[in-house]
Amino acid sequence: MEQTETLSKSISEVWNKRPLIISGPCSAETEEQVVATATRLAATGKVDVLRAGIWKPRTRPGTFEGVGTKGLPWLQKAKALSGLPVAIEVATGKQVEDALHFDVDILWIGARTTVNPFSVQEVADALKGVDVPVLIKNPINPDLELWLGAVERVAKAGINKIGLIHRGFSSYGNTEYRNAPMWHLAIEMKRRNPELMMINDPSHICGRRDILQDVAQKAIDLHYDGLIIESHIDPDNAWSDAKQQITPERLGEMISNIHWRKEDVANEEYHAALEKLRQQINHLDDELMQILGQRMKVAEKIGQYKKDNNITILQTNRWNSILERAFAKGEKLGLSKEFITKYFDAVHMESISHQNRIMNS
Ligand code: PEP
Ligand code: MN
């Protein structure tokens with residue numbers, strides 16, 4: 001009884017540590033591998049929690065699907081030897097029961113589970129009456145409602161230590177990332193749930209080692225509460241996610257190389273300068289809105305002419321020439337092509353909806 005209390009207290013301490021650093025192999029493979037990874041991670045002094053996948057949801061059958069329940073005692077041993085609390089992924093009620101039976105300290109719901117309300121509910125039901133922290137990864141598709149739904153299901157089961165993991169969103173085709181970060185979605189999730197910790201998972205965003213450091217830094221610059229990064233004693237020969245894993249020592253270096261930022265500072269000069277610049281920003285934003293409003297009024301006039309002459313709203317040539325002009329101007333102003341595209345898409349869609357209203361009135 002007493003021991004449980006000390007343990008749960010220390011988990012609260014770990015849970016509240018910032019930045020919270022979680023690392024360990026994608027998958028638990030053998031007892032030796034789990035114990036060696038944990039010991040070497042603990043030796044870096046940079047890691048707070050050991051992670052390992054016991055059951056692995058794999059895209060295609062026939063690949064390694066995790067060692068299963070027999071790996072749980074390995075984690076107990078790794079915890080005893082390294083002093084690191086352990087975190088694993090759970091996707092079913094039975095997995096929750098097994099994990100709790102073997103004293104797993106933190107559970108996480110994987111991206112492929114968050115998409116499925118039946119599975120999330122099953123996990124949540126198994127968590128009723130249990131006091132264990134739960135991290136919820138974003139769903140593989142960019143849908144904040146699903147992510148929120150999973151948080152609500154777990155919260156309704158009575159879990160009060162809930163955190164979020166941003167691991168990126170899957171998209172079709174090859175991109176720089178394995179899973180597009182879509183930072184704005186994670187930022188919006190954080191805005192809606194300021195009380196929940198938000199951890200970044202550079203490993204599953206990047207899918208490769210060479211850009212892990214940059215993504216980790218970006219997350220810290222965006223005020224994330226922590227990082228979860230996969231590490232392995234022999235990364236190239238890992239049984240899953242080999243390309244994105246790094247050794248425990250490399251992980252230690254990576255954490256040391258991060259420029260940690262604070263949210264605020266007690267410096268009047270800084271606050272005064274920022275306040276002035278923010279007023280400028282507000283002023284410019286107001287002007288932009290005014291101008292956008294005027295632009296829509298002009299679009300509506302065009303809509304009236306099109307209506308009178310029975311012409312379609314969308315004119316592909318005109319749209320192309322707007323974009324070309326914008327790219328050329330934008331480049332001179334230091335605005336990226338990506339931004340120009342998104343911005344003009346939004347403006348164009350708004351114009352179309354104004355014209356639609358005129359056409360059909
Ligand atoms: C993992 O953390 O190893 C994993 C399977 O991640 P995700 O659910 O983000 O794909
Ligand atoms: Mn993985």
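This is a walk through one protein chain and its ligand, from the overall build to single contacts.

Let us start with the whole chain, keeping in mind that the model is predicted. The chain has 361 residues, and 45% of them are buried. Its secondary structure comes to 14 helices and 8 strands. If you lay the C-alpha trace along its principal axes, the spans are about 80 × 50 × 40 Å.

Now turn to ligand 1. Which residues surround ligand 1? In order along the chain, they begin with C26, R51, K56 and E89. The list goes on with W108, G110, A111, R112 and K137, and it ends with R167, H204 and E230. Sorted by character, the shell around ligand 1 holds 7 charged residues, together with 3 nonpolar and 2 polar ones.

Several of these side chains bring a polar atom to the ligand. For R51, a polar side-chain atom sits 2.8 Å from an oxygen atom of ligand 1. K56 also has an N or O atom in its side chain at 2.8 Å from a ligand oxygen. With H204, the distance between a side-chain N or O atom and an oxygen atom of ligand 1 is 3.2 Å. How much of ligand 1 does the protein bury? On its own the ligand would expose 300 Å², and the protein buries 97% of that area.

Next come the aromatic rings, which form 4 pairs in this structure. Take W183 and Y224: their ring centres are 5.9 Å apart and their planes meet at 85°, and since an angle over 60 degrees counts as edge-to-face, that is the label this pair receives. The two partners come from distant parts of the chain, 41 residues apart. W183 belongs to helix α8, which covers residues 183–192, while Y224 lies in the loop that runs between α10 (212–221) and β8 (226–230). Are these two residues buried or exposed? W183 has 11% relative accessibility and so counts as buried; Y224, at 8%, is buried as well.

Another edge-to-face pair is made by Y343 and F344, with 5.1 Å from centre to centre and 90° between the planes. Here the burial of the partners is worth a look. Y343 counts as partly exposed because its relative accessibility is 30%, whereas F344 is buried, with a relative accessible area of 16%. Together with F339, Y343 and F344 form one aromatic cluster. A ring can also have a charged neighbour over its face: K337 lies over F327, 4.8 Å from the ring centre.

To finish, go back to the stretch around α10. Helix α10 contains Q213, a residue whose relative accessible area of 18% makes it buried. What does the side chain of Q213 have at 3.1 Å from one of its polar atoms? The partner is the backbone oxygen of M254. The loop between α10 and β8, already met as the place of Y224, also holds D225. D225 counts as buried because its relative accessibility is 13%, under the 20% cut-off. If you would like a distance to check in the viewer, try D225 and E145: they are 80 residues apart along the chain, and their C-alpha atoms are separated by 22 Å.

Notes
Residues are numbered from 1 along each chain as its sequence is written. Chains are lettered from A and ligands numbered from 1 in the order in which they are written. This is a predicted model: local features need pLDDT of at least 70, side-chain atom pairs count only at pLDDT 80 or more; totals for chains, interfaces and linings use all residues. Side-chain values use heavy atoms; hydrogens and water are left out. A residue is near a molecule or strand if one of its heavy atoms lies within 4 Å of it. A polar contact is a pair of N or O atoms within 3.5 Å; within protein, one must be able to donate a hydrogen and the other to accept it, and residues adjacent in sequence count only if both atoms are side-chain atoms. Accessible areas come from the Shrake-Rupley method with a 1.4 Å probe; for residues, only the protein chains shown count as cover. Ala, Val, Leu, Ile, Met, Phe, Trp, Tyr, Cys and Pro count as nonpolar, Asp, Glu, Lys and Arg as charged, and the others, Gly among them, as polar. Rings of Phe, Tyr and Trp (its six-membered ring) pair if their centres lie within 6.5 Å; planes under 30 degrees apart count as stacked, over 60 as edge-to-face and the rest as tilted. Helices (H or I, at least four residues) and strands (E, at least two) are DSSP runs, numbered from the N terminus. Buried means under 20% relative accessible area, exposed over 50%, partly exposed in between (1.4 Å probe, protein chains only). A charge sits over a ring if NZ of Lys or CZ of Arg is within 6 Å of the ring centre and within 35 degrees of the ring normal.
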